[in-house]
Amino acid sequence: MNSSAHIEVRTASGAVRGRREAGSAVFRGIPYAQPPVGDARFAAPRPARRWDGVREAFAYGPPPPQEPFGPEDRTVGGAATGDDWLTVNVWTPDADKAARRPVMVWIYGGAYKLGSADDPAYDGGRLSRDGDLVVVTFNYRVGIEGFARIGGAPANRGLLDQVAALEWVRENIGAFGGDPDRVTVFGESAGAGSIAALMAMDRTRGLFRRAIAQSVPGTFFSDELAVDIAGALAGQLGLRPTVADLAGVDPRKLPEAGAALGGRMREYADRWGAVAHTSTPYSPVVDGEVLTRTPWEALAGGAARDVDLIAGHTRDEYRLFLLLRGLLGRVDDTLAATALRLFGPTPDAGRTYRAAFPDASAERLFELVLSDWLFRMPTLHLADAQAAGGGRAHVYELTWPAPAGGGALGACHGLDIPLTFGVYDGIAALLIGPEPSHGTEALSARIRSAWTAFATEGDPGWPAYDTERRLVQLLDTEPTVTAYPEEASRRLWEGHTFTPLPLTTA
């Protein structure tokens with residue numbers, strides 16, 4: 001590649017050299033913090049060290065240590081190795097300081113235990129080009145490194161990494177043609193839960209103006225529960241959950257403890273309750289310092305009234321997990337009854353769900369209560385809280401079914417990712433199929449247009465949500481604005497409060 005395809009930008013830490021790709025200037029693997037190893041292990045992120053000369057920003061930084069995804073060991077994104085996990089990537093139409101384009105910063109999901117910005121599904125080029133804006137992605141610590149409650153270390157280190165990345169954006173994005181006063185954070189699943197947490201944190205004031213939370217999980221841990229889970233994690237290695245014990249374990253070996261516990265979590269059901277029946281021992285912790293309140297409590301109190309919000313979910317959130325767990329077509333009445341007891345909003349949820357959905361099969365009831373508990377109702381309640389606190393929220397539901405497999409997965413969890421980026425690699429192969437149809441591309445274009453309009457002007461193109469009309473945008477082949485369609489579930493959950501999940505017995 002000749003030098004005319006290269007472009008240099010000076011950041012606060014030093015100059016970086018990116019290159020032009022398909023109409024964008026792209027910079028990858030720029031450190032926003034020091035590698036969190038050695039004496040920085042399990043610490044809050046520290047500012048990146050300055051460098052001399054020009055640093056090549058052609059390759060993604062290495063992913064944070066994490067468990068393999070599925071039965072095959074998937075090294076996220078490829079071959080990058082090393083300890084420089086905390087890096088950012090930038091796509092911009094042109095690194096013109098005078099441009100002051102809106103900025104969108106993506107926070108990936110992955111159950112707080114997986115994920116990396118080098119996943120091909122998160123390529124920001126198309127979103128940047130089509131929306132004429134700057135797109136930023138970054139890595140943050142996951143699993144034990146990022147979210148386990150370790151003695152002698154701050155809680156929620158993954159969230160602190162996200163704050164540090166947003167501080168980097170505020171300080172540096174102007175040099176890439178972005179406007180630090182028009183930053184929108186957007187993310188899905190654990191990324192959306194992270195955004196909800198960031199909206200509740202005092203230290204994020206002024207770091208972003210708008211937020212798009214796609215499928216917000218309702219799982220936030222009490223400090224007592226997080227400490228107990230951390231003890232079980234460290235116990236897989238015969239250690240205590242302290243910096244002194246865990247700092248000597250190779251960061252790439254530590255995820256083995258999480259993987260080992262993952263197969264045994266139900267043994268802790270008497271102490272951890274519903275969490276023991278999920279696939280992850282990690283969530284943000286309401287620790288009283290980094291995170292003082294749940295997002296729902298904080299937003300209802302006005303903590304983010306100055307942040308415009310889009311909050312939405314897919315219609316059939318849990319159906320993807322039915323597939324991944326091998327349960328499609330295999331849920332019987334016993335499994336459904338157990339799920340209703342564990343995850344329902346009231347002790348008599350078995351009765352109330354059956355009354356609300358009289359024609360639902362056992363599998364449908366199982367899917368409904370888990371969709372509601374894990375994603376749909378936490379997302380709706382976040383919008384309710386934002387409205388109650390004097391802020392503005394827009395709500396959507398994705399109802400367009402994933403075309404792969406004849407539509408069997410419906411509008412499932414994760415389907416919004418390829419539609420958001422207009423990129424059909426990664427998870428899209430499972431959900432979209434090998435080639436996107438004209439309808440897929442048209443819906444993706446509408447979603448990208450709404451997201452970028454929101455980032456640019458604060459208006460996605462449909463009315464703001466209120467608790468009287470409850471108008472939401474249905475994202476489908478023919479987009480429609482209507483009253484919130486999951487009214488039966490909303491009524492079942494309207495008296496429920498998403499509090500920090502407790503340790504049930506000592």
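**Cavities, helix contacts and a salt bridge**

By class, the lining of the second largest cavity comes out as ten nonpolar residues, one polar and one charged. The model in question is a predicted one, and the space inside this second largest cavity amounts to about 60 Å³. Its walls are put together from Phe147, Ala148, Arg149, Phe221, Ala226, Ile229, Ala230, Leu233, Pro281, Tyr282, Ser283 and Val285. Helix H5, which spans residues 223–235, is the top contributor here, handing four residues to the lining.

That cavity has company: the structure holds two cavities of 30 Å³ or more. The largest cavity encloses about 70 Å³ of space. Around the largest cavity sit Pro65, Gln66, Glu67, Lys113, Val142, Gly143, Ile144, Glu145, Pro251, Leu254, Pro255 and Tyr282. In this case helix H2 (residues 143–147) gives the most to the lining, with three residues. Sorted by class, the lining of the largest cavity has seven nonpolar, two polar and three charged residues. Tyr282 turns up in the lining of the largest cavity and also in that of the second largest.

Back to H5, which also packs against another helix. The axes of H5 and helix H7 (residues 255–262) come within 8 Å, with a crossing angle of roughly 105°. H7 therefore lies roughly perpendicular to H5. On the H5 side the contact is made by Ile229, Ala232 and Leu233, and on the H7 side by Ala257, Gly258 and Leu261. Five of these contact residues are nonpolar and one is polar, with no charged residue in the set. Ile229 and Leu233 thus have two roles to report: both belong to the contact with H7, and both line the second largest cavity.

A second helix pair involves H3 (residues 157–172) and H4 (residues 190–200), whose axes come within 11 Å and cross at roughly 75°. Because of that angle, H3 and H4 also go down as roughly perpendicular. H3 brings Leu159, Gln162, Val163 and Leu166 to the contact, while H4 brings Ser194, Ala197 and Leu198. The class split for the contact of H3 with H4 is five nonpolar, two polar and no charged.

Charged side chains get their turn in the salt bridges, of which the count comes to 39. One of them pairs aspartate 179 with arginine 100, where the closest N and O atoms are 2.8 Å apart. This pair ties together distant parts of the chain, the two residues being 79 residues apart. Aspartate 179 belongs to strand S8 (residues 178–188), whereas arginine 100 sits in the loop between strand S5 (87–92) and strand S6 (101–107).

Methods
Residues are numbered from 1 along each chain as its sequence is written. This is a predicted model: local features need pLDDT of at least 70, side-chain atom pairs count only at pLDDT 80 or more; totals for chains, interfaces and linings use all residues. Side-chain values use heavy atoms; hydrogens and water are left out. On a 1 Å grid over the protein atoms alone, a cavity is a set of points where a 1.4 Å probe fits but cannot get out, and a pocket is an open set with protein on both sides within 12 Å along at least five of seven lines; lining residues have an atom within 4 Å of a point. Grid points are joined across faces, edges and corners, and a volume is the space filled by probe spheres set on the points. Ala, Val, Leu, Ile, Met, Phe, Trp, Tyr, Cys and Pro count as nonpolar, Asp, Glu, Lys and Arg as charged, and the others, Gly among them, as polar. Axes are lines fitted to C-alpha atoms, for helices over the stretch in contact, and angles run from 0 to 180 degrees between N-to-C directions. Angles under 35 degrees count as roughly parallel, over 145 as roughly antiparallel, 65 to 115 as roughly perpendicular and the rest as oblique. Contact means heavy atoms within 4.5 Å. A salt bridge is a side-chain nitrogen of Lys or Arg within 4 Å of a carboxyl oxygen of Asp or Glu.
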